[in-house]
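Let's take a walk through a structure together, one step at a time. Keep the picture open beside you as you read.

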Amino acid sequence: MKRLWEIIIVFCFSIIIFTVPVVMLCEEKEEKLLYENRNVTEVPAFSGKTFADGSFFEAAEGYMSDIFPLRNSILAIRTYIDGTILNKPVINDVIYQGEDKPMLPIVPHKASDEAATDKEVERMAERISYISDICHEEGAEFYFVGIPEQYSYFRDKYPEYIYNNEENLKMEERLLFDKINKKGVKFINMNMVFNNMGKDDSLYSYIDHHFSFKGAYETYKTIVSRINADLGCNVDILEDGDFKYKEVPNPYLGSRNRKLMGVYDIPEKAMIADFTNRVPFRRTDDGKVMDSVVYTYPMDNDEIIDFMIYMGGDVGETIFETHREELPKLLIFGDSFTNPIETIIYTGFDETRCLDLRHYDKKTISEYVREFKPDVVLMIRDDTRYLDFEGNGDIK
Amino acid sequence: MVFSGISFLFIFLPLLLPVYFIFAAAGYRKASNLILLIFSLCFYGYNMPKFLYVILLSVLINYLSAYFAAEKGRKGRMALTVGIVLNLGLLIYFKYANFIAENLGLIFGGFDIGEIIMPIGISFFTFQGMSYLIDVYKGKVQVQKNPLNVALYISLFPQLIAGPIVRYRDIEREIMGRHENLSDIADGVVRFSIGLGKKAIIANSIGKIASDILGLDQSFYSVSLAWVGIIAYTFQIYFDFSGYSDMAIGLGRILGFHFPENFNYPYISKSITEFWRRWHMSLSSWFRDYVYIPLGGNRCSMLKHLRNIFIVWILTGIWHGAAWNFILWGLYFAVILVCEKFIYGKTLERLPKIVQHLYSAILIIVGWAIFYSPDLSFAARLLKNMFFMNSLPFINSETIYNIIEYKAEFIIAFICCLPVKNVIIDFFEEHDTPFSEGLFFSVRAVFAIGVFLLSIGYIVSSSFNPFIYFRF
């Protein structure tokens, strides 16, 4: 009996260690890991240097882990074990509280230090003030638009015992808007606007770190109303009669539920605007003429979609031309929060240009303003990026 | 390369084992040893090939010095001295030069020697080499004339980078005369799987708790949180290190070697003296045999005895790392051991067992707080946090979160610290029938393979995979 079980142990062990590499070699390799939202680790070219410094083997380890047979199933099982068997409130760094509450991220702890934050905020305020001044020199109106990120919007929905960074969020918001206000920069604080609206849950996604399309619409409406009021112009604001909210039936993968591998989900669908009469436009992305569309439609109803449905994702420079010279020209720069806003805001302007400085490096933002000479410039930042000096915070 | 890496499990082992066993089964021992040596060097060079020369230098030093140390008289003594100086020189240069320069710089200024990177496992293979050299000099083992066999002994991959510290006398006969067999291979697989489970399932999971908590800013601390963090680290270091030892012993067994045990449920100890008989046993016995006893051990005056204890424990501390907290950690245990030996050891034995366990557990945990700390000020702050000296609340939301989120890890770790395995084995030995024997071996097989598969799942799904003992 003992011998039989010894044979079984050795046989099973051998089957596992010999089968896996064979499958790894033979299996067709995916280039992207859908649920991890990244490419498979690239193995650097083998060279004396990459061999000697160990970087070749380090990357090879990551690559093998990425192409491991049944990787997604393994990750899903682990997710299930953590959530259901071990009953963890936080699974893969996401707080899952059932379908009636938003999925929220675990936020790294950050000690609250007002003096240090004040210095950082001052630095950012100076940058914002700098671009605001340039805009004024060029005859443009500048607005800094602050938008709460999803976890910030739902900060009161964190379980009491889980850190939600509220103190820092509040402090950064207070300091930043105080400072830019003192420097004469015009701003729109959507956190305040949403609070005044009663903080409707439907304005934000339960499964993604962005707002929902409704939240984007409210932001759009607030911005255009403010422009009309300040500039005395009459940019049309799309209202209920101009479009209908339309739910895209496809499964929607946000940045939060993506991490839960489909094991735990909230039935949320992406929303878009279905226009009664769409304003015709010509779209150019990074100098290339594109189809005149603002949504990337899936091939069929089963295809998984994500936030890239709005504008097809992040693009360095997008230009909308509606050829209505009587209307003002608009420049927006910011992260992906701008994407759903772009899908509707262009309708009120002659020409709308959208920059994402994470992907655009041909000119600095000040050079761009001087050359394009827009009437309105919007800098859109979410409140987790107020003190991010890279990407769209890298104002020169 | 680490045992819990994909490349080790699914490239290194599948390449090594068939080649090795073809030659071993055919009786070509020299060939199978050569294969093992080549694979061991590949294993060592996998992440940092540039440090291969260090281990080869260590082999050369020990081979030559032992060769001459085998001769009696002045020449032998000289060879021993030179060998030890070179071994320690290598260790001091790579492991302690930065520390020494930094401290001399603080005193005298201007001691910048640049950053010297420590090759992995240097403390382990240096001590192995020295034990071989000393044992040859003392005539306890025969000098090994074949340099490849010395190289195999020093670089043998299962115990190369994190022990156990195998002495030459432990495997002297097995280098040329071992007999691989099914029973050993199956035992090895079971042991390896359990070790992998300790590392990949428990140590890595609970290590995340420790690093998350102990890396927090002071403003997030409470007394209980400090305890939760350091208890998590207490579990992590045990499962990390003993898991690695289990894997080493298991791999050795697969290849026909029988390495000494390194851990024997240390956290069930009732005193610190007992703890050190159960924790990292290969290191404790190394220091006992090559430092403590040669210094006179306890067969000398009280003062010399005390001196010997303190020397051994300062060395034990500094062996673990080149920093003051390790020296303090060694001294901490020296003081406790002296107290147990000369002051309250007998009294402690008369106390209820639960008190003895509690006493040991608290002192061990405090020891790990010192050990974990990157510097003395961190250690002081952590200890103050633990003992109500920083005006912290007793409990806060962070404690509650960590307990709710990681309750399963703590419960599993706690149970696995207990000798449950021994209880099960005793039970089956008492009920020795063909049915119970069958049940035992089937459960063992299913458990081992299950743990192996689960560990693979954890490895694939986790990128958090550091080994604590690599810095040694």
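The paragraphs below go from confidence, to domains, to helix pairs, and finally to the contact between chains.

Before looking at any detail, remember that this is a predicted model. How sure is the predictor about the complex? It gives an ipTM of 0.90 and a pTM of 0.90. For chain B, the mean pLDDT is 92, and 98% of the residues in this chain reach 70 or more. One stretch of chain B needs more care: over residues 464–472, pLDDT stays under 50. The model has 21 contacts beyond four places in sequence for that stretch. Where pLDDT is low, the predicted coordinates should not be read in detail.

Now find the domains. Chain A is divided into domain 1, covering 1–68, and domain 2, covering 114–393. Between the C-alpha centres of these two domains of chain A there are 41 Å. Chain B is also divided into a domain 1, here 6–178, and a domain 2, here 184–471. In chain B, the centres of the two domains, taken over C-alpha atoms, are separated by 26 Å.

How do the two domains of chain B meet? On one side, 24 residues of domain 1 of chain B are in contact, and on the other side, 23 residues of domain 2 of chain B. On the domain 1 side, the elements of chain B that give two or more residues are α1, α4 (74–108), α5 (122–137) and α7. Sorted by class, that side of domain 1 of chain B has 15 nonpolar, five polar and four charged residues.

Next, zoom in on a pair of helices in chain B. Helix α6 (residues 147–155) and helix α7 (residues 168–177) of chain B pack with their axes 11 Å apart, at an angle of about 130°. Because of that angle, α6(B) counts as oblique to α7(B). The crossing in which α6(B) passes α7(B) is right-handed. To see the contact itself, look for B:N149, B:L152 and B:Y153 on α6(B), and for B:Y168, B:I171 and B:I175 on α7(B). By class, this contact of α6(B) with α7(B) has five nonpolar residues, one polar residue and no charged ones.

Another pair to find is α8(B) and α18(B). Their axes come within 8 Å and cross at roughly 40°, so α8(B) is oblique to α18(B). This crossing of α8(B) and α18(B) is left-handed. Among the residues of α8(B) in the contact are B:V189, B:S193, B:G197 and B:N204, while those of α18(B) include B:R444, B:F452, B:S455 and B:Y458. The residues in the contact of α8(B) with α18(B) divide into 13 nonpolar, four polar and one charged.

Finally, step back to see where the chains touch. How many residues does each chain bring to the contact? Chain B brings 41 residues and chain A brings 38 residues. On the side of chain B that touches chain A, the elements giving two or more residues are α1 (6–25), α8 (182–214), α16 (397–417) and α18 (434–460) of chain B. Which of them gives the largest share? That is α18(B), with 11 residues. By class, the side of chain B that touches chain A has 27 nonpolar, 10 polar and four charged residues.

How values were computed:
Residues are numbered from 1 along each chain as its sequence is written. Chains are lettered from A and ligands numbered from 1 in the order in which they are written. This is a predicted model: local features need pLDDT of at least 70, side-chain atom pairs count only at pLDDT 80 or more; totals for chains, interfaces and linings use all residues. pLDDT is the predictor's confidence in each residue, from 0 to 100. Two residues are in contact if their C-beta atoms, placed from the backbone, lie within 7 Å. Domain bounds come from an automatic or database domain assignment. Axes are lines fitted to C-alpha atoms, for helices over the stretch in contact, and angles run from 0 to 180 degrees between N-to-C directions. Helices (H or I, at least four residues) and strands (E, at least two) are DSSP runs, numbered from the N terminus. Angles under 35 degrees count as roughly parallel, over 145 as roughly antiparallel, 65 to 115 as roughly perpendicular and the rest as oblique. A crossing is left-handed if the near helix is turned anticlockwise from the far one by less than a right angle, and right-handed if clockwise. Ala, Val, Leu, Ile, Met, Phe, Trp, Tyr, Cys and Pro count as nonpolar, Asp, Glu, Lys and Arg as charged, and the others, Gly among them, as polar.
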